[in-house]
Amino acid sequence: MEMDEIQSVMQRCDRAITSECGLAAAHGHTKGTPPQYCKYEGNEVLYHMTTENNARQIMSKGIERMNRRFIHLSKTLAKKSKRRNVVICLKAADLRNKGLVLLQSNVQEVVLCEGPIPPTIIQKV
């Protein structure tokens, strides 16, 4: 595959970005230097998709980053998948009231949070 073909594919991809440093995860995964993000100021309900098993733990202990730099939240309700079939709802204002900073990902639908997100503000759908 030629470099121009790779760049064309990358422009259509929302999971990775290119920069002068090379290829990076768009949402700031665990390796490399994270991209610079702007503060997210929206006030709508945000969503986090998870599995039924994880949902039980989330409802009692909250949401943690696990092995990532951020917890990924969505501005839109995604279609449930076979694996991630539970929707967790969070109000952006509640997250900020708990002192959490929200960041706008390079992908418009994705909001990032360093967490942890306490269970007291989590609603399961």
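These legends accompany three close-up views of a predicted model.

**View 1. Strand β6 and its two antiparallel neighbours, β4 and β9.** Start with β6, which spans residues 86-91. This strand is mostly covered, with five of its six residues buried. Six bridges tie β6 to β4 (residues 45-50), and the two run in the antiparallel sense. The pairing of β6 with β9 (residues 123-124) is also antiparallel and rests on two bridges. Ile88 is a handy landmark here: Ile88 in β6 is the bridge partner of His48, and Ile88 also stands opposite Lys124 in β9.

**View 2. His72 in strand β5 and its polar contact with Arg68.** Look for His72 within β5, which covers residues 71-74. The relative accessible area of His72 is 17%, and His72 counts as buried because the cut-off is under 20%. Its side chain meets that of Arg68 in a polar contact of 2.8 Å.

**View 3. The aromatic pair of Tyr37 and Phe70.** A search of the whole structure turns up one aromatic pair. Its members are Tyr37 and Phe70, set edge-to-face with 5.7 Å from centre to centre and 85° between the planes. The pair brings together distant parts of the chain, 33 residues apart. Tyr37 sits in the loop between β2 (22-25) and β3 (38-39), while Phe70 belongs to the loop between α2 (52-61) and β5. Both Tyr37 and Phe70 are buried.

Key:
Residues numbered from 1 in each chain as written. Predicted model: local features only at pLDDT ≥ 70, side-chain atom pairs only at ≥ 80, totals over all residues. Heavy atoms only, no water. Buried < 20%, exposed > 50% of the residue type's maximum accessible area, 1.4 Å probe, protein only. Helix = DSSP H or I, 4+ residues; strand = E, 2+ residues; numbered from the N terminus. Pairing = 2+ DSSP bridges. Polar contact = N/O pair within 3.5 Å; in protein donor to acceptor, adjacent residues only side chain to side chain. Phe/Tyr/Trp six-rings, centres within 6.5 Å; stacked < 30°, edge-to-face > 60°.
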